[in-house]
Amino acid sequence: MAFNIYDFTTLTHDIHVGLAESFSPVLATTIEWVIVGVVYLLFVALFGLFLVYAERKVCAAFQQRLGPTRVGPWGLLQTIADFIKLLMKELIMPRKADRFLYNLAPFIVIIASFLAIAVLPFAPGLQSLDFDIGVFYLTAVSSVGVIGILLAGWSSNNKYSLIGAMRSGAQILSYELSVSLSLLTMVVFAGTMQFSAIVEGQRDAWFIFSGHIPAVIAFVVFLIAGTAETNRGPFDLAEAESELVAGFHTEYSGIKFAMFFLAEYINLFIVSAVAATVFLGGWMPLHFGNFESFNHVMDFIPPVMWFFMKVLGVIFVIMWFKWTFPRLRVDQILTLEWKYLLPINLVNILLMALVVLTKFHF
Amino acid sequence: MLNEVMFYLFGAMILTFSVLTVTTRRILRAAVYLLFVLISTAGLYFSLNYNFLAAVQLTVYAGGIVVLIIFSILLTSHLSERAVMAPLKQSIFSALATLAGATLTLMTILRFSFVPNTGVDPQLNITDIGNSMVSYNRDGYALPFEVISVLLLAAMIGAIVVAKKERKLKE
């Protein structure tokens, strides 16, 4: 089995061939499903725990504290300890709650996140679904997640939950528009919706450089709208602690609360990964036109490393938003989307179309 | 074989949840069962390799219409509300009407001789879809597309006019 850190195509191909040779086609496919599922589950759980740790450290740095330091070296095992504690908590069911919907809601949220994560290319050959409608598929499945939040808020039989769910629903529905439109701007530029082809198109220069002004505008709009879509601060009024206890997941405890919590961090990862893939070249190394030796040095860093470096960079920026901006009011959030971001976005698409038509790009 | 398993699985899900949608007495549960029906239909499209239609199904129905339905239920009704059972006479007549409709549809479908597709996978290219959407040739969809957008615009303006409060004239 040839393992190559620069290109996973051979590895995945070898695994597929190996399984197909030793098992019947049906069994081989089933085993592949299980393998892919387990790999994604492990990745999401571990990365989610790491993101919680990172958030606490980043927050601490902004507030001139140290953050977790006691459990493990640099407090690295703190979130694992927290997670074990969460697993052992009692699952509380509010009286007169709608039992079925109450239990269903966390799963809808987390399934939508898992469906979205499937199209992201981590490295060459390390992508489980490569549709030619990749970007469209991503916006389609991520629009289902909000249903889980609405159901959670309604079925808890709690006024705080209901208000949190309504706010969150209005916010996610509005900002979805900006996310899709800014992605559409880049689709106009790339000429394709397939994620692998989008990454391939950035071999010479990342889209944020080659698309210059409209691409930068789209990137900024995407970051703002993406932050709003993940319900993170300064757009976290759906779970504003000072007003609504914990918003739509007030009544959830133990592992069900952990699922909402995890889904929030997966969504943060998805938004950052999409930003990194569509604007910052995905797993493509940093290349500058004719600097042959520089490009060669950059090629030594494996694509997986590039991908995660970019994703973590974007995640850091989004965390930076959260810990430095005050929370917005609900009318300010809707004004920002409908009166500013949406018109900017529409003009930006026209600008991008003009740039593409006049070939005024690098 | 796996394809068949998936087909029967999605088929069973569509049938079960369709029945549950109309029989449940809690309105939000009905909306959620409807969501399951729509998602299973998207799953059928995916298993047919018709990704575009599946994604449209997810965005428009699951992500759009069901979310709007749930939103309006959240605004208007309470958790403890239950739909009243329809009177016996009404149920009998609706059952008869449904049966008649089902027989008519079944008769039409069963009379049609379906030809199994033996050729290659009709993998639709997204570029072709996009091109025919904006082309104004014989097979283009530019005119219907524009007509529908005008209709939607009119509907939107109508909704705003209906929702807008009358402002009292200063006397």
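User: What is the phi of A:Gly191, just after H7(A)?

Analyst: A:Gly191 takes a positive phi of about 75 degrees just after H7(A), where helices are DSSP runs of H or I with at least four residues, numbered from the N terminus. This is a predicted model, in which local features need pLDDT of at least 70, side-chain atom pairs count only at pLDDT 80 or more, and totals for chains, interfaces and linings use all residues. Residues are numbered from 1 along each chain as its sequence is written, and chains are lettered from A in the order in which they are written.

User: What makes the reach of H7(A) close to the expected one?

Analyst: The expected span is 1.5 Å times one less than the number of residues; for the 32 residues of H7(A) that gives 46 Å, and the helix reaches 46 Å from its first C-alpha to its last.

User: Why is H7(A) called largely enclosed by the rest of the structure?

Analyst: A residue is buried if 20 or more other C-beta atoms, placed from the backbone, lie within 10 Å of its own, exposed if 12 or fewer, and partly exposed in between. In H7(A), 23 of the 32 residues are buried, so the helix is largely enclosed by the rest of the structure.

User: Why does A:Leu334 count as partly exposed?

Analyst: A:Leu334, in helix H15 (residues 330-357) of chain A, has 15 C-beta neighbours inside 10 Å and therefore counts as partly exposed.

User: Which residues does A:Leu334 touch, not counting residues up to four places away in sequence?

Analyst: A:Leu334 touches A:Ala170 and A:Ser174, contact being C-beta atoms, placed from the backbone, within 7 Å.

Conventions:
Helices (H or I, at least four residues) and strands (E, at least two) are DSSP runs, numbered from the N terminus. Two residues are in contact if their C-beta atoms, placed from the backbone, lie within 7 Å.
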